[in-house]
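Visitor: I should like to take a close look at one helix of this structure and at its surroundings. Please describe that part in detail and then place it in the context of the whole chain.

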Amino acid sequence: MPAMRVLIAEELSPATVEALGPDFEILNVDGTDRPALLTAVADVDALLVRSATQVDAEVFNAARKLRVVARAGVGLDNVDVKAATQAGVMVVNAPTSNIVSAAELAVALLLASARNVVPANAALTRGEWKRSKYTGVELADKVVGVVGLGRIGVLVAQRLSAFGVQLIAYDPYVQPARAAQLGVRMVSLDELLAASDFITVHLPKTPETVGLIGAEALTKVKPTVRIINAARGGIVDEAALYQAIVDGRVAGAGLDVYAKEPCTDSPLFGLESVVATPHLGASTDEAQEKAGIAVAKSVRLALAGELVPDAVNVQGGQIAEPVRPLLGVAEQLGGIACALAPAAVARIEIEVRGEAADHDVRVLELSALKGVLQKLVHDPVSYVNAPVLAEQRGVDVALTTDRLSDDHRSLVRIRLTLTDGSQVSVAGTVTGPRNVAKVVEVDGFDVDVPVSEHMLVLRYDDRPGVVAIVGTVLGEAQINIGGMQVSPGANGDALIVLTVDSAVGQQEVDRIADRIKARSARAVDL
């Protein structure tokens, strides 16, 4: 039997090939040479890339045997995960490979900004001795605001604590008790903006976080504040930051990431109070080696047909056939339940009923956890780290099974107990020869709705005219309704679940809630 073939499309650490071992035929190609990549990928089992190689639907169409794409790093901006899933190709990355390097760079940018290291160095290399011009500030006793207390945010906070700073953080998904253990006080974003002498950003780039530190936010900060972004470009509005620095409303900034990359002509680069680097967060020998070794191990697992810790889409492993179709719906139900939760999650219960309950369903617990936590944390979530992330956040997890299922061959129910004592529950199943995922229950209301990327769930006092109002508001917003079901309750209330073709903005959600006097109104985006 010929050896499986692994294509390496970019320069990786020598440790990567060593970690792959002698069982594979290793091929190399320049991933930025598109014709060469499409030719080389046609007959390989695995593809290893960094950030320069674009792995999209065209690549998957050309790859007849491809089973796994491994990104030697954290971000997956250059890999079309949806196209990979449709092609049945597993995508893996190295979610923890660069967290130390990224945290250290954020600290370096903060220190460089505080002490004017870059302009002072530039002046000295020009033969100018300007000690008084480049007077800086100490970190001791200053307030550092950490925006996003995920893994990297925690590492930054831990390192800065040694400087004697006061640490505050904004992160709506982190419980204050957990932050207190780290010596961090959780605050609102507005309080953080107003109180901080330094602000360091450690959030993922999502529709909700793009422009989070923008023109309005920058009117709330101290004029002595210095802002650091070594997370993702676009979270800090670069144009607004430039104007705030020019106007004297912000003292300086340290930037490693930009809304459009590569970026070589930003007006920010002309300001002495800005220290800028070309996305060096993961650019250390150690991070590259860790990333290479991690994805090499994942490739070995994937090609052996085993469960892969850092898979981000199609999961491997020895899973019983009645359980396998429920993997996707368990994750989706977790995401839906979390989107419906109005408060922080304290407990997650996963219930499996019916035929699947005769088998080992621990993988469904992991899948449901993955779905919930992807909505709660800023870090990459995998089957392996989901229980750890839940434990770190003080979230209890329970799995129960019952062979009895009156209405469905197999059913998964996710029940969230929230920190305010309330509960949210969602149940679903798969039906038909194509295993179509469906939601069959929401908070005790019986429904029968296909799972959709975009959904809207409304609970209100049952009365005529509500459906018309909902349709009118969505129509005015140019949002097409794919499906709708109304489920009346026993106490004079009712639930509407809609599937829609595009995301429903909070403005539309609020309009609908106000007009129908909704008890609750939540948009769901999976």
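Guide: The account below begins with helix α12, turns to a neighbouring helix, and then covers the chain and several individual residues. The model is a predicted one.

Helix α12 runs over residues 326-340 and thus has 15 residues. From its first C-alpha to its last, α12 reaches 21 Å, which is close to the 21 Å expected at 1.5 Å a residue. Of the 15 residues of α12, 12 are buried, so the helix is largely enclosed by the rest of the structure. Buried here means a relative accessible area under 20%. At the start of α12, the buried residues are Leu-326, Leu-327, Val-329 and Ala-330. Leu-333, Gly-334, Gly-335, Ile-336, Ala-337, Cys-338, Ala-339 and Leu-340 are also buried. An α-helix has 3.6 residues a turn, so residues three or four places apart point the same way.

What packs against the buried residues of α12? One partner is the helix α13 (362-376). The others are strands: β15 (410-418), β16 (423-431), β17 (436-442), β19 (454-461) and β22 (520-525).

The partner helix α13 can be described in similar terms. Helix α13 has 15 residues and spans 21 Å between its first and last C-alpha atoms, close to the 21 Å expected at 1.5 Å a residue. In α13, 12 of the 15 residues are buried, so this helix is largely enclosed by the rest of the structure. The buried set of α13 includes Val-363, Leu-364, Leu-366, Leu-369, Val-372, Leu-373 and Leu-376. Glu-365 and Lys-370 are also among the buried residues of α13, as are Ser-367, Ala-368 and Gly-371.

These helices belong to a chain whose secondary structure comes to 16 helices and 22 strands. A compact globule of 526 residues would have a radius of gyration near 24 Å, and the chain, with 25 Å, agrees with that value. The C-alpha trace spans about 85 × 65 × 45 Å along its principal axes. Of the 526 residues, 50% count as buried. Among contacts with a separation of 6 or more, 64% are between residues 24 or more positions apart. The accessible surface comes to about 23,600 Å², and 50% of it belongs to carbon and sulfur atoms. The chain carries 48 positive and 64 negative side chains, with the centres of the two sets 3 Å apart.

Another buried site is Val-69, in strand β4 (residues 68-71). Val-69 has a relative accessible area of 0%. Beyond its neighbours within four places in sequence, Val-69 is in contact with Leu-47, Val-55, Phe-60, Val-79, Val-89, Met-90, Val-91 and Val-92.

Some loops have backbone features that merit inspection. Most residues other than glycine have a negative phi, and most peptide bonds are trans. Asn-116, which is not a glycine, has a positive phi of about 55°. Asn-116 lies in the loop between α5 (99-114) and α6 (117-125), and is buried with a relative accessible area of 14%. His-279 likewise has a positive phi, near 50°. His-279 is found in the loop between β12 and α11 (285-303), where it is partly exposed with a relative accessible area of 33%. Glu-261 and Pro-262 are joined by a cis peptide bond with omega about -5°. Pro-262 lies in the loop between β11 (252-255) and β12 (274-276).

Definitions and conventions
Residues numbered from 1 in each chain as written. Predicted model: local features only at pLDDT ≥ 70, side-chain atom pairs only at ≥ 80, totals over all residues. Heavy atoms only, no water. Helix = DSSP H or I, 4+ residues; strand = E, 2+ residues; numbered from the N terminus. Expected span 1.5 Å × (residues − 1). Buried < 20%, exposed > 50% of the residue type's maximum accessible area, 1.4 Å probe, protein only. Contact = heavy atoms within 4.5 Å. Rg over C-alpha atoms; globule rule 2.2 N^0.38 Å. Areas by Shrake-Rupley, 256 points an atom, 1.4 Å probe, with all protein chains shown as cover. Lys, Arg positive; Asp, Glu negative; His and termini not counted. Charge placed at Lys NZ, Arg CZ, Asp CG, Glu CD.
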